[in-house]
Amino acid sequence: MALESLPESQGALRAPGKVLMSLRVNGIAYDVAVEPRHMLVELLRDDLGLTGTKVGCNMGDCGACTVLLDGLPVFSCLVPALEVDGRDVTTIEGLAENGHLHPLQEAFVEVGAIQCGFCTPGMVLSSLALLRETPDPTDEDIRRALSGNLCRCTGYQKIFEAIREASKRASV
Ligand code: FES
Ligand code: FES
(Lines give C-alpha, C1' and ligand atoms only; values in the text may rest on other atoms or scores of the structure.)
(Ligands and ions follow the chains in the order given, each with its own letter.)
Protein backbone atom coordinates (compact mmCIF):
# COMPACT_ATOMS: atom_id res chain seq x y z
CA MET A 1 0.00 0.00 0.00
CA ALA A 2 1.41 3.40 -0.91
CA LEU A 3 2.13 5.60 2.04
CA GLU A 4 -0.02 8.40 0.58
CA SER A 5 -3.11 6.20 0.49
CA LEU A 6 -3.03 5.32 4.16
CA PRO A 7 -5.98 6.63 6.14
CA GLU A 8 -5.26 9.07 8.96
CA SER A 9 -6.83 6.61 11.39
CA GLN A 10 -3.78 4.37 11.09
CA GLY A 11 -1.79 7.03 12.88
CA ALA A 12 1.27 6.57 10.71
CA LEU A 13 4.03 9.14 10.92
CA ARG A 14 4.65 10.19 7.33
CA ALA A 15 7.84 11.49 5.80
CA PRO A 16 9.51 11.18 2.42
CA GLY A 17 12.01 8.35 2.21
CA LYS A 18 10.67 6.54 5.25
CA VAL A 19 9.10 3.11 5.23
CA LEU A 20 5.91 2.24 7.06
CA MET A 21 6.00 -0.68 9.45
CA SER A 22 3.98 -2.06 12.33
CA LEU A 23 5.12 -3.59 15.58
CA ARG A 24 4.04 -4.15 19.15
CA VAL A 25 6.11 -2.67 21.95
CA ASN A 26 5.26 -3.53 25.53
CA GLY A 27 1.86 -4.77 24.36
CA ILE A 28 1.00 -1.60 22.42
CA ALA A 29 0.57 -1.69 18.64
CA TYR A 30 2.37 1.00 16.65
CA ASP A 31 2.36 2.00 12.99
CA VAL A 32 5.47 4.00 12.38
CA ALA A 33 7.46 5.30 9.41
CA VAL A 34 11.16 4.65 9.88
CA GLU A 35 14.37 5.53 8.12
CA PRO A 36 15.34 2.35 6.22
CA ARG A 37 18.89 2.60 7.65
CA HIS A 38 17.73 2.86 11.27
CA MET A 39 18.35 0.15 13.82
CA LEU A 40 15.81 -1.03 16.36
CA VAL A 41 17.42 1.04 19.11
CA GLU A 42 16.84 4.21 17.07
CA LEU A 43 13.25 3.21 16.35
CA LEU A 44 12.63 2.72 20.07
CA ARG A 45 14.44 5.80 21.35
CA ASP A 46 14.01 8.34 18.55
CA ASP A 47 10.70 7.40 16.96
CA LEU A 48 8.80 6.01 19.96
CA GLY A 49 10.51 8.02 22.74
CA LEU A 50 11.31 4.90 24.78
CA THR A 51 14.67 6.05 26.11
CA GLY A 52 14.93 3.38 28.81
CA THR A 53 16.90 1.35 26.27
CA LYS A 54 20.47 2.64 26.47
CA VAL A 55 23.16 3.01 23.84
CA GLY A 56 26.71 2.19 24.85
CA CYS A 57 29.05 0.93 22.16
CA ASN A 58 26.53 0.84 19.29
CA MET A 59 28.43 -2.19 17.95
CA GLY A 60 27.18 -5.25 19.81
CA ASP A 61 29.88 -5.27 22.49
CA CYS A 62 28.26 -3.95 25.68
CA GLY A 63 24.63 -5.14 25.87
CA ALA A 64 23.30 -1.79 27.12
CA CYS A 65 20.77 -1.79 24.28
CA THR A 66 19.35 -5.26 25.04
CA VAL A 67 15.60 -5.67 24.54
CA LEU A 68 13.42 -8.75 24.10
CA LEU A 69 12.35 -9.52 20.54
CA ASP A 70 9.56 -12.11 20.51
CA GLY A 71 10.70 -12.93 24.06
CA LEU A 72 14.38 -13.40 23.35
CA PRO A 73 17.19 -10.95 24.16
CA VAL A 74 18.76 -9.10 21.23
CA PHE A 75 21.18 -6.21 20.90
CA SER A 76 18.85 -3.59 19.48
CA CYS A 77 21.82 -1.65 18.04
CA LEU A 78 22.43 -4.57 15.67
CA VAL A 79 18.85 -5.32 14.58
CA PRO A 80 17.63 -3.37 11.52
CA ALA A 81 14.37 -1.64 12.43
CA LEU A 82 12.61 -3.05 9.37
CA GLU A 83 13.32 -6.61 10.53
CA VAL A 84 10.97 -6.01 13.44
CA ASP A 85 7.95 -5.42 11.22
CA GLY A 86 5.03 -7.40 12.66
CA ARG A 87 6.97 -8.56 15.70
CA ASP A 88 6.82 -8.08 19.45
CA VAL A 89 9.32 -6.05 21.47
CA THR A 90 9.67 -5.67 25.23
CA THR A 91 11.69 -2.77 26.63
CA ILE A 92 12.41 -1.88 30.23
CA GLU A 93 9.40 0.47 30.18
CA GLY A 94 7.17 -2.59 29.78
CA LEU A 95 8.07 -4.28 33.05
CA ALA A 96 6.51 -2.13 35.77
CA GLU A 97 2.78 -2.61 36.30
CA ASN A 98 0.34 -0.20 37.92
CA GLY A 99 3.21 1.90 39.22
CA HIS A 100 4.99 -1.09 40.79
CA LEU A 101 8.40 -2.27 39.72
CA HIS A 102 8.72 -5.78 38.37
CA PRO A 103 10.03 -8.20 41.05
CA LEU A 104 13.28 -8.45 39.12
CA GLN A 105 13.69 -4.67 39.17
CA GLU A 106 12.88 -4.67 42.89
CA ALA A 107 15.55 -7.28 43.52
CA PHE A 108 18.16 -5.23 41.62
CA VAL A 109 17.33 -2.21 43.78
CA GLU A 110 17.13 -4.11 47.08
CA VAL A 111 20.49 -5.87 46.82
CA GLY A 112 22.28 -2.84 45.38
CA ALA A 113 22.91 -4.28 41.92
CA ILE A 114 22.67 -0.79 40.44
CA GLN A 115 25.20 2.01 40.52
CA CYS A 116 25.14 4.29 37.49
CA GLY A 117 22.30 2.15 36.13
CA PHE A 118 23.40 2.46 32.53
CA CYS A 119 23.70 -1.30 32.02
CA THR A 120 20.65 -2.08 34.15
CA PRO A 121 17.84 -2.16 31.55
CA GLY A 122 19.80 -4.63 29.44
CA MET A 123 20.82 -6.68 32.49
CA VAL A 124 17.23 -6.88 33.70
CA LEU A 125 15.87 -7.93 30.31
CA SER A 126 18.57 -10.58 29.80
CA SER A 127 17.81 -11.83 33.33
CA LEU A 128 14.08 -11.90 32.67
CA ALA A 129 14.58 -14.05 29.58
CA LEU A 130 16.80 -16.37 31.62
CA LEU A 131 14.32 -16.75 34.49
CA ARG A 132 11.42 -17.41 32.12
CA GLU A 133 13.42 -20.22 30.54
CA THR A 134 15.23 -21.40 33.67
CA PRO A 135 13.38 -20.43 36.87
CA ASP A 136 16.12 -21.76 39.16
CA PRO A 137 19.35 -20.95 37.34
CA THR A 138 22.82 -22.07 38.34
CA ASP A 139 25.71 -19.60 38.49
CA GLU A 140 26.82 -20.96 35.13
CA ASP A 141 23.34 -20.34 33.67
CA ILE A 142 23.47 -16.75 34.95
CA ARG A 143 27.00 -16.24 33.68
CA ARG A 144 26.01 -17.49 30.23
CA ALA A 145 22.84 -15.39 30.13
CA LEU A 146 24.73 -12.21 31.05
CA SER A 147 27.79 -12.88 28.95
CA GLY A 148 26.80 -10.15 26.48
CA ASN A 149 26.04 -7.52 29.14
CA LEU A 150 28.90 -5.46 30.52
CA CYS A 151 28.79 -3.46 33.75
CA ARG A 152 31.55 -1.06 34.62
CA CYS A 153 30.30 -0.38 38.16
CA THR A 154 29.14 -3.28 40.27
CA GLY A 155 31.55 -6.14 39.67
CA TYR A 156 28.64 -8.48 38.86
CA GLN A 157 28.39 -10.06 42.34
CA LYS A 158 25.36 -7.95 43.25
CA ILE A 159 23.79 -8.62 39.90
CA PHE A 160 24.10 -12.36 40.48
CA GLU A 161 22.57 -11.88 43.94
CA ALA A 162 19.66 -9.93 42.48
CA ILE A 163 18.90 -12.68 39.98
CA ARG A 164 19.09 -15.37 42.66
CA GLU A 165 16.81 -13.29 44.89
CA ALA A 166 14.33 -12.72 42.06
CA SER A 167 14.30 -16.44 41.24
CA LYS A 168 12.82 -17.07 44.71
CA ARG A 169 9.86 -14.78 43.96
CA ALA A 170 7.00 -16.66 42.38
CA SER A 171 5.81 -13.88 40.08
CA VAL A 172 8.98 -13.42 38.03
S1 FES B 1 24.93 -0.41 22.45
FE2 FES B 1 24.28 -2.27 21.60
S3 FES B 1 25.68 -3.74 22.34
FE4 FES B 1 26.47 -1.83 23.03
S1 FES C 1 25.65 -0.01 37.07
FE2 FES C 1 26.97 1.25 35.93
S3 FES C 1 27.49 0.12 34.16
FE4 FES C 1 26.40 -1.24 35.43
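Let's start with one residue: Arg164 is partly exposed, with a relative accessible area of 29%. Here buried means under 20% relative accessible area, exposed means over 50%, and partly exposed is in between, using a 1.4 Å probe and protein chains only. What you're looking at is a predicted model, in which local features need pLDDT of at least 70 and side-chain atom pairs count only at pLDDT 80 or more, while totals for chains, interfaces and linings use all residues. Residues are numbered from 1 along each chain as its sequence is written, chains are lettered from A and ligands numbered from 1 in the order in which they are written, and side-chain values use heavy atoms, with hydrogens and water left out.

So what does Arg164 meet? Its side chain forms a salt bridge with that of Asp139, at 2.7 Å from N to O. That pair links distant parts of the chain, since Asp139 sits in helix α4 and Arg164 in helix α5, 25 residues apart. A salt bridge, by the way, is a side-chain nitrogen of Lys or Arg within 4 Å of a carboxyl oxygen of Asp or Glu. Asp139 counts as partly exposed because its relative accessibility is 34%.

Now zoom out. The protein has five helices and five strands, which are DSSP runs numbered from the N terminus (helices are H or I with at least four residues, strands are E with at least two). Walk along the sequence and you'll meet them in the pattern β-β-α-β-β-β-α-α-α-α. There are 172 residues in the protein, and 42% of them count as buried. Take the contacts (heavy atoms within 4.5 Å) with a separation of 6 or more: residues 24 or more positions apart account for 51% of these.

Next, follow helix α2, which runs from 103 to 111. Which of its residues are buried? They are Pro103, Leu104, Gln105, Ala107, Phe108 and Val111. The buried residues of α2 pack against α3 (120-133) and α5. To picture this, remember that an α-helix has 3.6 residues a turn, so residues three or four places apart point the same way. After α2 comes Gly112, which has a positive phi, near 80°. On the other side of the helix, Leu101 lies in the loop between β5 (88-90) and α2. Leu101 counts as partly exposed because its relative accessibility is 42%.

That packing brings us to the inside of the protein. In soluble globular proteins, nonpolar side chains tend to be buried together. A nonpolar core is a set of buried Ala, Val, Leu, Ile, Met, Phe, Trp, Tyr and Cys residues joined through side-chain atoms within 4.5 Å. The largest one here has 24 residues, and Leu104, Phe108, Met123, Ile159 and Ile163 touch the most other members. Helices α2, α3 and α5 are the elements that give two or more residues to this core, and α3 gives the most, with seven residues. If you leave out residues up to four places away in sequence, Leu104 touches Val124, Ser127, Leu128, Leu131 and Ala166. Apart from this core lies another, of 17 residues, among them Met21, Val25, Val32 and Leu48.

Thr154 is worth a stop too. You'll find Thr154 in the loop between α4 (139-145) and α5 (157-167). Is Thr154 buried or exposed? Thr154 counts as buried because its relative accessibility is 12%. Leaving out residues up to four places away in sequence, Thr154 touches Ala113, Ile114, Gln115 and Ile159. Thr154 and Ala113 are 41 residues apart along the chain, and their C-alpha atoms are separated by 6.5 Å.

Finally, back to charges. How many salt bridges does a search of the whole structure find? It finds ten. One joins the side chains of Arg24 and Asp88, at 3.3 Å from N to O. This pair also links distant parts of the chain: Arg24 is in strand β1 (residues 19-25) and Asp88 in strand β5, 64 residues apart. Arg24 is partly exposed, with a relative accessible area of 39%, and Asp88 is partly exposed at 30%. Another salt bridge joins Glu165 and Lys168, at 3.6 Å from N to O. Salt bridges that share partners join Glu106, Glu110, Glu165, Lys168 and Arg169 into one network.
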